[in-house]
Amino acid sequence: MNQESKRKTCCGIFADWLLHPLAAFLALGLLIGGCARLPAIGFHCENLRCEYLKDPLGIDAASPRLSWIVASSRRGEKQTAYQILTASSAELLDRNIADLWDSGRVASDETSQIVYSGKPLISRQCCFWKVRAWDRDGHPGDWSHGARWQMGLLAAGEWSAHWIRAEAADSSSAPTLVIRRATYESVDQSGSADVTESVARQVKNDRLNLVVNNKNMGLDPSSNHVKQLRVEYDHGGRSFQKVIDENRTLTLPDDLAAPRILRKSFALNSPIRQAVLYATALGLYEAHINGQRVGDHVLAPDWTDYRKRVRYQACDVTALLHRGDNAIAALLGNGWYSGHIGNGGYQFFGKVPAFLAQLEVTYSDGRTERIVTDGTWKWHPSPILSSDFMLGEDYDARLEVKNWDEPGLDENQWAAASPHDEAVTLEAQVMEPVREICEIKPKTATESRPACWIFDLGQNMVGVVRLKVSAPAGTEVTLRHAEMLNPDGTLYTKNLRGAPSIDHYICKGTGVETWQPRFTFHGFRYVELTGLSNQPASDAVTGIVIASDTSRTGEFACSDARINQLQSNIQWGQRGNYISIPTDCPQRDERLGWMGDAEVFIRTATYNADVAAFFSKWLVDVDDGQSAAGVFGDVSPNTGGGGAPAWGDAGVICPWTIYEVYGDKRILERHLPAMIKWVEYLRLHSSGLIRQRDRGSDYGDWLSIGANTSKELIGTAFFAYSTRLVSRSCQAVGRPQEAAKYEQLFQDIKAAFNKRYVGADGRIQGNTQTAYAMALKFELLPDDLRPKAAQYLEEDIQAKGEHLSTGFVGVSYLLPVLTQNGKADTACRLLLQDTFPSWLFSVKQGATTIWERWDGWTPEKGFQDPGMNSFNHYSLGSCGEYLFGGIGGIRAASPGYKTILIDPVICDGLSWANTRYDSIKGPIATSWKLNGNSLQLKVTVPANTTATVCIPARDMADITESGKPIAKVREVKYVRQENGRLIFQVGSGAYDFVSKLD
Ligand code: BGC
């Protein structure tokens, strides 16, 4: 996708939808809907994808799954059959010669998860395919446009490349370590002490290795407060800063393996038909061929548990090569593998990054050639002096190597790379890579003190700064990043903890220089620029937003601008935290795949973007992190800890959600063994089915406010819920006996739960909002107690002045549970509440992302404890599900949106709401508007699905559709009346209902 359209994707709201060809198509449908007598008018298949990706290269599923959507403007349209042709070349496909697979006419209304069932596919196989469908009357539509996929390298034996490193042969010239300043301080700033002398004294043989604690520091600057050590030191003639938490080990010099350049020159002796580069790294790489960058991914490969597997990327590089002399080169950095990561510390997976590449060239005459990484590759220091996610990146433009990625370079000064073996399994990239999404221009630039400029991008974002400066050679520009400003206008960086997030750029002095870091990222809204003597140009700093490039599927807008800002904050939270894996936050020294956060937000995420491929990959990381006993990690990839209720349960809830949203049974089949193992672990580590013990770090209803839900109760409730989902998963994949077994276990846990925590009057121990929300959502109560529990939940909200008290665990269930139990008015009041604590409180304070804590900043108290105060944590934004599923009323009534429920909540306080969701079956949209005492509800239902539509009204006579009394519209079937709503069944198409309210 080109940069222009990406910019729209990133920054536009709803505008994209108006430009969407399907929108125009469906709008046309609105005009002519219902009167089309011609068969199959405009009926066709589009949006062809393989394994959720468009024209992917490097698929290693032996039988990949295909999907498309059926587009048609006709009401009640259905696919009655389909035919897929798959050929080994585009030419054959054009001639309808399906030498790989002709499915024949298959009588089916399925359009997704269609398993390729042709000739066995071999490594590198190119597959060109198209599909046509038969409409509801049995008329065939046209063939779709052609799509393609290419298989990856299916067996380890396909790799002849060797892992290579860029290692200095002689390490005896290790430079001297000088401690310049060491400060031992409490994170809340209540005490601080200069410990430079005592730290410097502990340097032995040019190394420092010490545990940060009162004993080793020789004092306690603030007893009973969490502390950290800040060290400024010189090493190899360069200065560094490191912040390390109490009780962690500090090791210096870190010898941050500086990113290096690897390259090889080679000749190709014939014209080229096709060339594919398969490449990956233990670390991060950026590959170049003949002076051009390969692909548009950044921070590749995506984060996995490198002890088990690493993902390789496949790119078609035919256009970059030519007959004659060529060169391939790569920059290699540390990333998650050998840099600092959250609680894993430094060099968690390995010490020195390694690179692997296999360039496969097919000549026009059919001969093939491979250029692979091995001992013939050369390496050289790069201008990137150091790079690390937490520390930042340093670049000296004076050290750039001219023509480093081009043929004809004199490689005399280059050293030989060291080849070695790695036991890690290589698997294809199965998800959208991290890419640059858009560029943000600063809103303001202020000189906060002489020669110190602070740029405000107006949006808390994740990525890097693109710097554009012109200064004499040797000028060192320093960029510091922060999410917020202190009251005095300086950067608020305390909440970054051990992630200083500082980039340095040393100018080469050749005019305008443009630079952006390659192997780091920061979470920030404000950028401080120092080092220039003149005022920087207005475009000196722009923000380059990066994210896993999942395509946007949802838009929501309503009459309350504050809610629209909330939705924007949720989307920005997702964008900034779905970077390779679902993370907790992007700015401080954490950025981990926290399972609880992922689990609580996943349903919201599925509305905002197509996250099927993203989760297909991450769920493998989740399984990789499971212990032999069945304990899921608290973070995945697992860098330590595990077994906490609600966090570990992500290993069950997330695969189930992907199944519900995308109808993906294969994900259930793949993960069921791990899901069952987790539930069996919980059973074994319970007493009388109550989770009294072994709850790991046991975070409870994390960051709840003014309520304390029993952790044992939370553990037992999640045990029940996971068991139920395992039962349903078994049922979904055709394992009825196990389904029955786990349903029985669920019933037993439910009984134990009721006995222990629920009174005869329906009161649940602790009387907290989270306890009621969980019990209702997980169906833990007998039917007769459900209304009572809903009543107590509502009463507690009212007693708190229409405020919530839920933390991460309860927050996502609150609004749906209230609404489904007849308390929609209370849900709406909570949603529109803007006093503390509430979702709109942070919006009112000017937030542009979701805060970690309800009180991250308050006018009375200022900033919360900087030890844990992220301003970009999506968990509390899990109310996004309610915007789409509640206010917008778009919900899946069966897996994969085969049947749809349209049941919008007409919130008191809102006068309209427009919602769109591109489901796997096609676009679904609702748009409602109050006009005096009438409600207009426009609904779009994709072809090949049916929807149940709930319309608030007293009587059939009060409703029209496209101006006609609804009773006369034959495509709309009355079903029943319920809770002040009339319920209808419709097929696909566009509908325009108007109902008279009281
Ligand atoms: C993270 C959370 C996470 C939690 C565990 C925090 O430090 O930022 O989002 O879920 O630890 O309670």
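Q: Strands are DSSP runs of E with at least two residues, and helices are runs of H or I with at least four, numbered from the N terminus; where among these elements is P301 found?
A: In this predicted model, P301 is found in the loop between β19, which covers residues 292–293, and β20, which covers 309–316. Since a strand needs at least two residues, the run 292–293 qualifies, and therefore it carries a strand number. By this rule the chain has 20 helices and 57 strands.

Q: How do you know whether the peptide bond between A300 and P301 is cis or trans?
A: The omega angle of the bond joining A300 and P301 is about 0°, and the bond is cis. A second cis bond runs from S636 to P637, with omega near -5°, and P637 is found in the loop between α10 (612–624) and α11 (650–662). Such bonds deserve a remark because most peptide bonds are trans.

Q: What makes the phi values of D694 and N767 worth noting?
A: Most residues other than glycine have a negative phi. D694, however, has a positive value near 55°, and N767, which is not a glycine either, has about 50°. D694 is found in the loop between α12 (665–684) and α13 (711–732), while N767 lies in the loop between α14 (736–757) and α15 (769–777).

Q: Why is D694 called partly exposed?
A: Partly exposed covers what lies between the buried limit of under 20% and the exposed limit of over 50%; D694 has a relative accessible area of 36%, so it falls in that middle class. The value for N767 is 26%, and therefore N767 is partly exposed as well.

Q: Why does T604 count as buried, and what is it in contact with?
A: The relative accessibility of T604 is 1%, and because buried means under 20%, T604 counts as buried. T604 has its place in helix α9, residues 595–608, and its contacts, leaving aside neighbours within four places in sequence, include I570, Q574 and G877. Its side chain also reaches the backbone nitrogen of E881 at 2.9 Å.

Q: How do you know that C828 and C907 form a disulfide?
A: Their sulfur atoms are 1.9 Å apart, and because the rule asks for a pair within 2.5 Å, C828 and C907 are counted as a disulfide. The rule yields one disulfide. The pair links distant parts of the chain, with C828 in helix α18 (residues 824–832) and C907 in the loop between β48 (899–902) and β49 (912–919), 79 residues apart. The link is left-handed, with -95° about the S-S bond, and both C828 and C907 are buried.

Q: Why is C558 in no disulfide?
A: The nearest cysteine sulfur to that of C558 belongs to C907 and is 8.6 Å away; the limit is 2.5 Å, so no disulfide is assigned to C558. C558 is nonetheless buried, with a relative accessible area of 1%.

Q: How do you know which part of the chain should be read with caution?
A: The chain averages a pLDDT of 92, and 94% of the residues score at least 70, but pLDDT stays under 50 over residues 1–39. Where pLDDT is low, the predicted coordinates should not be read in detail.

Q: What does the radius of gyration of the chain agree with?
A: A compact globule of 998 residues would have a radius near 30 Å, and the chain has 29 Å, so the value agrees with that of such a globule.

Key. Residues are numbered from 1 along each chain as its sequence is written. This is a predicted model: local features need pLDDT of at least 70, side-chain atom pairs count only at pLDDT 80 or more; totals for chains, interfaces and linings use all residues. Side-chain values use heavy atoms; hydrogens and water are left out. Buried means under 20% relative accessible area, exposed over 50%, partly exposed in between (1.4 Å probe, protein chains only). A polar contact is a pair of N or O atoms within 3.5 Å; within protein, one must be able to donate a hydrogen and the other to accept it, and residues adjacent in sequence count only if both atoms are side-chain atoms. Contact means heavy atoms within 4.5 Å. pLDDT is the predictor's confidence in each residue, from 0 to 100. The radius of gyration is taken over C-alpha atoms; the globule rule is 2.2 Å times the number of residues to the power 0.38.
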